[in-house]
Structures are given as structure tokens and as C-alpha cells.
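Q: Please take a close look at one part of this model, the helix nearest the end of the listing of elements, and describe how its surroundings are built up.

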Amino acid sequence: MTKTITLIALLTASLGAMAADKAAGQKLADAQCAACHAKVTGNDKDWNVPLDPSYPKLAGQKQDYLLQALKDYKSGARKNAIMAGQVEKLSKKDLENLSAYFASLKGTLSYR
């Protein structure tokens, strides 16, 4: 019984991740996030090199972390006037797509 419940929980969680549209996330990221979070060279964007070193690197971040951070900016639970304005009009699906896109990129962050 416990194995069945665990399997159902894992499958349900993975369905949410699979439902995200990384291409839509990339389009939104290019339009709204690149100015601060990516070094832009022509049409290429390096999401490991933010405009300011105090801004987070987004490439390779964990999807659930990014999604929660974006939701928290939107709800006001996490305070940052710039980010609150950026996510204000984004839908839940937009946030899911963005977090899936950034998580799919090769990052320079290391996790222990």
C-alpha cells in the first residue's frame, strides 16, 4: 500500500513538470528576464552571467525552487520591487514554463 501511494505521488509530481512548455518559457524569458539575468551577445543569451553579480544565475537552478521563488514574488511573500513588477501579470502557467526552461539549461551552479 505504501509503495502504491509513493508511486502515485511521484507520477503526479512528474506530470506537472512534463506539462510545462519550455519553448514558451524561453520566449517569455528572452522578452522579460534577459535584460537583468543574461549576458546577451547577438541572439545568444548566457543565463549564467547576470547583469549585476548580485542578481541570481538562472541556468540550471532547480525547477521547484525557481517556481516557488516566482510564486513568492507574485504573492508578495518574497519582497523585491523589480521582481514583483516582472511577475505581476504572469499566469501560473507562465511561471511553470519559465521555471522549466531555466531548469533545463546547463548551469554553472553546483549542488552539494
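A: Helices, taken as DSSP runs of at least four residues, and strands, taken as runs of at least two, are numbered from the N terminus. On that basis the protein chain of this predicted model follows the pattern α-α-α-β-β-α-α-α when read along the sequence, with six helices and two strands. Buried residues make up 27% of the 112 residues in the chain, and its accessible surface comes to about 7600 Å², of which 58% belongs to carbon and sulfur atoms. Among contacts between residues at least 6 apart in sequence, 56% join residues at least 24 apart.

The part to examine is helix H6, residues 92-104. H6 has 13 residues and reaches 18 Å from its first C-alpha to its last, close to the 18 Å expected at 1.5 Å a residue. Within this helix the buried residues are Leu95, Glu96, Asn97, Leu98, Ser99, Ala100, Tyr101 and Phe102, and the partners against which the buried residues of H6 pack are helix H2 (22-32), H4 and helix H5 (81-87).

The same helices return in the nonpolar interior. The largest nonpolar core has 19 residues, and those with the most contacts inside it are Ala29, Trp47, Val87, Leu98 and Phe102; the elements giving two or more residues to this core are H2, H4, H5 and H6. In soluble globular proteins, nonpolar side chains tend to be buried together. Val87 offers one view of the contacts involved: leaving aside its neighbours within four places in sequence, Val87 touches Leu70, Tyr73, Lys74 and Leu95, and Leu95 is among the buried residues of H6.

Phe102 deserves attention for its aromatic partners as well. Three aromatic pairs are counted in the model. In one of them, Trp47 and Phe102 meet edge-to-face, at 4.9 Å centre to centre and with 70° between the planes; the planes of such a pair must be over 60 degrees apart to be called edge-to-face. This pair links distant parts of the chain, since Trp47 lies in the loop between strand E2 (44-46) and helix H4 (63-75) whereas Phe102 lies in H6, 55 residues apart. Trp47 and Phe102 are both buried. Phe102 also pairs with Tyr101, in a tilted arrangement with 5.4 Å centre to centre and 50° between the planes, and Tyr101 is likewise buried. Trp47, Tyr101 and Phe102 thus form one aromatic cluster.

Polar residues are also found in buried positions. Asn97, placed in helix H6, has a relative accessible area of 6% and is therefore buried, as the cut-off for that label is under 20%. Leaving aside its neighbours within four places in sequence, Asn97 is in contact with Ala20, Asp21, Ala24 and Gly25.

A second asparagine, Asn48, is found in the loop between E2 and H4, the loop that also holds Trp47. Because its relative accessibility is 14%, Asn48 counts as buried. The side chain of Asn48 reaches the backbone oxygen of Lys106 at 3.2 Å, and, neighbours within four places in sequence aside, Asn48 is in contact with Lys57, Ala59, Lys106, Gly107 and Thr108.

Key:
Residues are numbered from 1 along each chain as its sequence is written. This is a predicted model: local features need pLDDT of at least 70, side-chain atom pairs count only at pLDDT 80 or more; totals for chains, interfaces and linings use all residues. Side-chain values use heavy atoms; hydrogens and water are left out. Rings of Phe, Tyr and Trp (its six-membered ring) pair if their centres lie within 6.5 Å; planes under 30 degrees apart count as stacked, over 60 as edge-to-face and the rest as tilted. Buried means under 20% relative accessible area, exposed over 50%, partly exposed in between (1.4 Å probe, protein chains only). Contact means heavy atoms within 4.5 Å. Accessible areas come from the Shrake-Rupley method with a 1.4 Å probe; for residues, only the protein chains shown count as cover. The expected span of a helix is 1.5 Å times one less than its number of residues. A nonpolar core is a set of buried Ala, Val, Leu, Ile, Met, Phe, Trp, Tyr and Cys residues joined through side-chain atoms within 4.5 Å. A polar contact is a pair of N or O atoms within 3.5 Å; within protein, one must be able to donate a hydrogen and the other to accept it, and residues adjacent in sequence count only if both atoms are side-chain atoms.
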